[in-house]
Amino acid sequence: MNQIHLTSRPLLAKTQVDECSYLIQTRGYALIENFLTDKETALLKTSMHEAVNNFAPKPGVKQSLLDRYQIHDLICRDINYGRLLEDPRLQQLIAPHLGEHWIMYAATSSCIPPHGSNYAGRLHVDSPRFHPGYIFNMGVIWALDDYTVENGGALKILPGSQHSEKQPEEDVFERHCIHAVCKAGTLLVFNARIYHRTSKNTTDRWNHSMTLNASRSFMKQRMDWVRFIPESISDQLNAQARRLIGFDTRLPTSLDEFFLPESQRLYKANQG
């Protein structure tokens, strides 16, 4: 098996979707076990590890060095990361919070080297905007290794912190946070306003995971994904994946494009 196929994966039961939605609205996160199979996680992990090993920071660019374990263009290198976007279960989990036309803001790896840490180890949120009762961004993490306290993968999360505009003090966060311990193949979905961080890997083995930041359809994306992702990859993806990439929210660059027939419009109707 060289490619993963998730389009025909059975949908989640309504009771499970409702439970996840309630947990996200209250404590801020939910875990769905066995979301990916062992073969699927192994395939993604091998590809990700190769990308991390081959990454060369931009000379003189500090952020590039800080992001050396957060590879931003995996979806441009390996179609399997695009295949993750085809999964109909993502729509079940994200749409209740961001609307049915939600899109992808960013998609990166989060790898923690042996006896090291990564840039996600700082206390942070993944959405700077705060409006009570309104979610702008959601976080999605596919755990490709077991998330343990020892390997730093088990995300530290402060449950309920998405309800406060104020950042907690470091000692308050550490006293009250939980570790999201889980098995490889688990999906973690969370309100991107929740305060969280990775921790130091004290083992001799890498910890790998894939992350997605989902946003509302009217928001700008981190990258111009439509132009950034090679057509050789995007042309093979299904309608849901192409929508998440941004194909339904493109802006016209001429009047000819602006006056295209409804079926050919770059910015589809009702996108928000």
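**Cavity, pockets and sheet in a predicted model**

Reader: How do the residues of the lining of the largest cavity divide into nonpolar, polar and charged?

Author: In this predicted model, the lining of the largest cavity holds 8 nonpolar residues, 1 polar residue and no charged residue.

Reader: What makes Thr211 polar and Leu212 nonpolar in that lining?

Author: The lining consists of Ile75, Tyr81, Leu84, Leu85, Ala107, Trp142, Met210, Thr211 and Leu212. Two or more of these residues come from each of α5 (79–85) and β8. Leu is listed among the nonpolar types, whereas Thr is neither in that list nor among Asp, Glu, Lys and Arg, and therefore counts as polar.

Reader: What makes this space a cavity, and what is its volume?

Author: The largest cavity has a volume of about 40 Å³. The term applies because a 1.4 Å probe fits there but cannot get out. With a threshold of 30 Å³ or more, the search of the whole structure yields 1 cavity.

Reader: Why is the space of about 680 Å³ called a pocket?

Author: The largest pocket contains about 680 Å³ of space. Its lining has 38 residues, and those closest to the centre are Thr108, His124, Asp126, Thr211 and Arg222. β2, β3 and β8 each give two or more residues to this lining, with β2 giving the most, 5 residues. The name follows because a pocket is an open set of points, unlike a cavity, from which the probe cannot get out. By class, 15 lining residues are nonpolar, 17 polar and 6 charged.

Reader: Which residues lie nearest the centre of the second largest pocket?

Author: They are Gln221, Asp224, Thr249, Arg250 and Leu251, out of 20 lining residues. This pocket holds about 470 Å³. Helix α8 (residues 225–228) supplies the largest share of its lining, 3 residues. The classes are 10 nonpolar, 5 polar and 5 charged.

Reader: How do you know that β2 and strand β8 pair?

Author: The two strands are joined by 6 bridges and run antiparallel. Pairing requires at least two bridges, so β2 and β8 qualify. One of the partnerships sets Ala107 against Leu212 in β8. As for burial, 6 of the 7 residues of β2 are buried.

Reader: What is the order of the strands in the open sheet?

Author: The sheet has 5 strands in the order β1-β6-β3-β8-β2, with antiparallel pairing. β1 (29–32) and β2 (103–109) are its edge strands, since each pairs on one side only. From one strand to the next, the twist averages 15 degrees.

Reader: What makes β3 and β6 a pair?

Author: Strand β3 (residues 137–143) and strand β6 (residues 187–191) share 5 bridges in the antiparallel sense. The requirement is at least two, so the pairing stands. Within this pair, Ile141 lies opposite Leu188 of β6. Helix α1 (residues 14–26) lies across β1, β3 and β6, at about 145 degrees to β1.

Reader: Why does Arg193 count as buried?

Author: Its relative accessibility is 8%. The cut-off for buried is under 20%, so Arg193 falls within that class. Arg193 belongs to the loop between β6 and β7 (196–197).

Reader: With which residues is Arg193 in contact, leaving aside its neighbours within four places in sequence?

Author: Arg193 contacts Val125, Ser127, Pro128, Arg129, Phe130, Ser161, Gln162, Ser164 and Glu165. Glu174 is 19 residues from Arg193 in sequence, and their C-alpha atoms are 17 Å apart.

Definitions and conventions
Residues are numbered from 1 along each chain as its sequence is written. This is a predicted model: local features need pLDDT of at least 70, side-chain atom pairs count only at pLDDT 80 or more; totals for chains, interfaces and linings use all residues. Side-chain values use heavy atoms; hydrogens and water are left out. Helices (H or I, at least four residues) and strands (E, at least two) are DSSP runs, numbered from the N terminus. Axes are lines fitted to C-alpha atoms, for helices over the stretch in contact, and angles run from 0 to 180 degrees between N-to-C directions. Contact means heavy atoms within 4.5 Å. Buried means under 20% relative accessible area, exposed over 50%, partly exposed in between (1.4 Å probe, protein chains only). On a 1 Å grid over the protein atoms alone, a cavity is a set of points where a 1.4 Å probe fits but cannot get out, and a pocket is an open set with protein on both sides within 12 Å along at least five of seven lines; lining residues have an atom within 4 Å of a point. Grid points are joined across faces, edges and corners, and a volume is the space filled by probe spheres set on the points.
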